[in-house]
Amino acid sequence: MSLPAYKQNFVKDCVSAEALKFGTFTLKSKRVSPYFFNAGLFHRADLLRSISSAYAHTLKAHGDVNPDFQWDILFGPAYKGIPLAAATVDKLADLDMEKYGKKSYSFNRKEAKDHGEGGNIVGASLKGKKVVIVDDVITAGTAIREAIDIIKKEGGELVGIIVAFDRLEKAPSATDDDGTPRPSAIGEVRKQYGIPVLAILTLDDVVEYLRGLGSEEDLKRLDEYRAKYRASD
């Protein structure tokens, strides 16, 4: 299997925790998918360690080959992004204290606090800082654009986004099965903002993992789904 060790470990943990399941699932888009990913199941201590370590390795790997990728703060949009940002900063320090030991995290409040220090942001101030958003997935892109607006409003500079899983799937439309090429929600965000959007795992990684296991039936169904809905970006 050609996947890096951290990806192999993470996908194994996803399957073990049933955060990645194979079968028949009707998505919100009404597509019938042969797999389902739910990062919300990573609430146990060992699983939080797994996903935050995988985020950390993904960020480090990108930074190692792209030295111009510099950032100061991991921003976790409320609510799911909050523990992900905090835990990932901790794991990055474990990987390289000299490089990442002074990195920070922050997150937004859903409702502004009108007493004490006030404001919408908890943790590091975003003003004048280079910021990376950490979240579980990008589906329609609405939530991530809200997070981007918060960062801009607070005076931060968005330099990247990292998610746990990229379906590599074209955005749904009214004529969903007509074979028309379309970009993914992630591809649209990448193009609109001109920033890297990283993912721990992609659908291609999952296919590679199943190919290594020899899971012919699941692999065939994933290959067919991937061919039908693959994004053009």
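Good morning. The chain before us has a secondary structure of eight helices and eight strands; helices (H or I, at least four residues) and strands (E, at least two) are DSSP runs, numbered from the N terminus. Its radius of gyration is 18 Å, close to the 17 Å from the globule rule for 233 residues, so the chain is as compact as a globular protein of that length. That radius is taken over C-alpha atoms, and the globule rule is 2.2 Å times the number of residues to the power 0.38.

A word on the basis of these values. This is a predicted model, in which local features need pLDDT of at least 70 and side-chain atom pairs count only at pLDDT 80 or more, while totals for chains, interfaces and linings use all residues. Residues are numbered from 1 along each chain as its sequence is written, and side-chain values use heavy atoms, with hydrogens and water left out.

I turn to the overall picture. The C-alpha trace spans about 55 × 40 × 35 Å along its principal axes. Of the 233 residues, 46% are buried, where buried means under 20% relative accessible area, exposed over 50%, and partly exposed in between (1.4 Å probe, protein chains only). Among contacts with a separation of 6 or more, 69% are between residues 24 or more positions apart; contact means heavy atoms within 4.5 Å.

Next, the aromatic residues. How many aromatic pairs does a search of the whole structure find? The search finds seven. In the pair formed by Tyr225 and Tyr229, the ring centres are 4.9 Å apart and the planes stand at 55 degrees, so the pair is tilted. For this purpose, rings of Phe, Tyr and Trp (its six-membered ring) pair if their centres lie within 6.5 Å; planes under 30 degrees apart count as stacked, over 60 as edge-to-face and the rest as tilted. Both tyrosines, Tyr225 and Tyr229, belong to helix α8 (residues 216-229), and they are four residues apart, about one turn of the helix. In general, an α-helix has 3.6 residues a turn, so residues three or four places apart point the same way.

Are these two tyrosines buried or exposed? Tyr225 is buried at 7% relative accessibility, and Tyr229 is buried at 6%. Ring pairs also link Tyr225 and Tyr229 with Tyr35, Phe37 and Phe165 in a cluster. Beyond its neighbours within four places in sequence, Tyr225 is in contact with several residues, including Leu27, Pro34, Tyr35 and Arg167.

Another helix to examine is α6 (residues 185-193), where Ala185, Ile186, Gly187 and Val189 are buried. Their cover includes α5 (142-153), β7 (157-166) and β8 (197-202). After α6 comes Gly194, with a positive phi near 65 degrees.

In helix α2 (residues 45-65) we find His62, which counts as buried at 18% relative accessibility. Not counting residues up to four places away in sequence, His62 touches Phe69, Pro196 and Leu198.

Finally, the backbone in the loops. Where is there a cis peptide bond? Such a bond joins Ala78 and Tyr79, with omega about 5 degrees, and Tyr79 is in the loop between β3 (73-76) and α3 (81-95). Glu18 is not a glycine, yet its phi is positive, about 60 degrees; Glu18 sits in the loop between α1 (5-16) and β1 (20-26). Lys30, also not a glycine, has a positive phi of about 80 degrees. The loop between β1 and β2 (32-37) holds Lys30, and this lysine is exposed, with a relative accessible area of 67%. Thank you for your attention.
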